[in-house]
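Reader: I am new to this structure and would like to go through its charged side chains. Please show it to me.

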Amino acid sequence: MNGIQTPDWQTPDWQKWTWQMRHRVHSLESLQQYINPTADEMAAIEATQGIFRWNITPYYASLMDADDTTCPIRRQVVPQMSEMQPDIVGVVDPLEEVAHSPVKNLIHNYTDRVAFCVTAECAIYCRYCLRKRMVGDAEQFMNKAELQEAIDYIAAHPEIKDVLLTGGDPLTFNEKNLEWIISRLRAIPHVGVIRLGSRLPVTLPYRVTDALCEMLSRYHPIWVNTHFNHPKELTQPAADAIDRLLRAGVPVGNQTVLLRGINDNVQVMQALLEGLVKMRVRPYYLYQAQLIGGTASFRTSIEKGLEIMQALQGRLTGFAIPKYVLDTPYGKVPLDRSYILGRSGDHVVMRSYQGPLWAEPNPLSAGESTTYALPEIEMPEGTKTIPTGAATFVPLPVV
């Protein structure tokens with residue numbers, strides 16, 4: 001590598017999560033400690049400034065291949081010029097989460113559950129992140145009064161039984177601040193389950209300390225859903241973090257995003273799912289990548305996802321196979337033929353559980369091969385889709 005500094009991983013503080021957060025990689029100079037950046041990556045670091053943030057923990061950066069630009073870890077976190085290319089949609093808020101937020105950062109899209117974005121901070125900024133609009137944005141951080149307002153909303157709505165703490169990443173809070181939120185939610189009689197959506201067991205496993213697990217164990221039932229995308233992320237530190245959570249009585253599930261060139265083949269997906277089960281992590285969801293701006297190069301066709309899901313059947317035991325889903329403004333839609341009606345040009349048309357039909361912009365890529373074919377259909381009248389004129393990060397191509 002080109003860096004001449006003492007590599008970060010030689011520090012005695014390497015396994016301290018607070019040190020990792022303070023020393024995150026977010027400059028070309030610090031990145032060169034871990035990889036030899038290409039001209040494209042260096043140009044992208046400049047070009048995406050002010051549009052798409054980037055940050056990598058030293059731990060996660062140490063998993064990158066120094067020279068292989070197709071490294072699945074590297075591709076998830078190092079900016080690429082493809083993020084700046086015009087997209088078919090590339091919107092800021094594809095799920096209309098802001099429209100479903102009765103108070104700041106509390107998304108109430110399902111009757112009995114809410115997603116509570118308690119912070120805008122993450123340990124790393126994934127290049128395909130669903131919430132690029134808010135992660136790292138100073139205006140999206142919540143002060144105590146705003147957190148309390150959201151808790152008061154939950155307390156005033158007895159239909160809410162399940163609260164997902166997300167963000168950002170709730171485990172970027174220290175124990176004291178996280179317990180402040182969890183203890184108040186646990187005091188609400190109708191809140192049965194508290195879930196934490198966190199990628200830190202993957203990107204910063206040292207955050208899962210004994211102190212954190214002890215605190216969580218006092219507020220059961222607590223669940224954690226984490227986010228492994230590739231077998232290369234299944235490291236011993238990650239396995240140790242998962243073990244600490246499980247020993248504290250916290251069930252751990254995993255949601256994976258289907259990403260082109262990273263996990264969009266049967267062999268990689270099978271190895272990931274087998275590794276998760278070996279770590280006692282339940283594969284939960286396989287997400288179709290969202291239409292968020294800057295992510296066109298990561299998205300696959302829905303047919304590719306269906307092909308992979310079909311191939312996994314019979315290769316893995318049932319509980320090792322996740323449910324393939326697409327998040328829409330009308331809730332999650334299981335991506336199988338009981339919901340999907342067919343393909344209409346560049347859109348895949350499906351039923352939503354709320355009733356409206358949804359047409360997901362999902363053009364077939366010339367460079368992608370798949371053995372799965374959906375039937376071609378006419379676009380049904382009244383089908384909903386991304387509204388024309390929705391806000392985007394990068395201007396759409398003129399047609």
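Author: One term is needed before we start: a residue is buried when its relative accessible area is under 20%, and exposed when that area is over 50%. The model is a predicted one.

Reader: With that cut-off, is Lys-304 buried or exposed?
Author: Lys-304 pairs with Glu-307 in a salt bridge whose closest N and O atoms are 3.4 Å apart. The cut-off for buried is under 20%. Lys-304 has a relative accessible area of 9%, so Lys-304 is buried.

Reader: What is the relative accessible area of its partner, Glu-307?
Author: Both Lys-304 and Glu-307 belong to helix α12 (residues 302-312), three residues apart, or about one turn of the helix. Glu-307 is buried too, and its relative accessible area is 15%.

Reader: How many salt bridges are there?
Author: The rule asks for a side-chain nitrogen of Lys or Arg within 4 Å of a carboxyl oxygen of Asp or Glu. Some of these pairs join into a network, which links Glu-179, Glu-214 and Arg-218. The count of salt bridges is 16.

Reader: How many residues apart in sequence are the parts that Glu-121 and Arg-24 tie together?
Author: Glu-121 and Arg-24 form a salt bridge, with 3.4 Å between the closest N and O atoms. Glu-121 sits in the loop between β2 (113-117) and α6 (144-155), and Arg-24 in the loop between α1 (17-22) and α2 (28-31), so the parts tied together are 97 residues apart.

Reader: Which helices hold Arg-74 and Glu-41?
Author: Arg-74 and Glu-41 form a salt bridge, their closest N and O atoms lying 2.7 Å apart. Both residues are buried. The pair links distant parts of the chain, 33 residues apart: Arg-74 is in helix α5 (residues 72-77) and Glu-41 in helix α3 (residues 39-47).

Reader: Which side chain of opposite charge is nearest to Arg-75?
Author: Arg-75 is in helix α5. Beyond four places in sequence, Arg-75 touches residues including Thr-69, Arg-127, Arg-260 and Phe-298. Arg-75 is buried but has no salt bridge, and at 7.1 Å the nearest side chain of opposite charge is Asp-264.

Reader: Where does pLDDT stay under 50?
Author: The chain has a mean pLDDT of 92, and 94% of its residues reach 70 or more. Where pLDDT is low, the predicted coordinates should not be read in detail. The stretch where pLDDT stays under 50 has six contacts beyond four places in sequence, and covers residues 2-6.

Conventions:
Residues are numbered from 1 along each chain as its sequence is written. This is a predicted model: local features need pLDDT of at least 70, side-chain atom pairs count only at pLDDT 80 or more; totals for chains, interfaces and linings use all residues. Side-chain values use heavy atoms; hydrogens and water are left out. Helices (H or I, at least four residues) and strands (E, at least two) are DSSP runs, numbered from the N terminus. Buried means under 20% relative accessible area, exposed over 50%, partly exposed in between (1.4 Å probe, protein chains only). pLDDT is the predictor's confidence in each residue, from 0 to 100. Contact means heavy atoms within 4.5 Å. Lys and Arg count as positive and Asp and Glu as negative; His and the chain ends are not counted.
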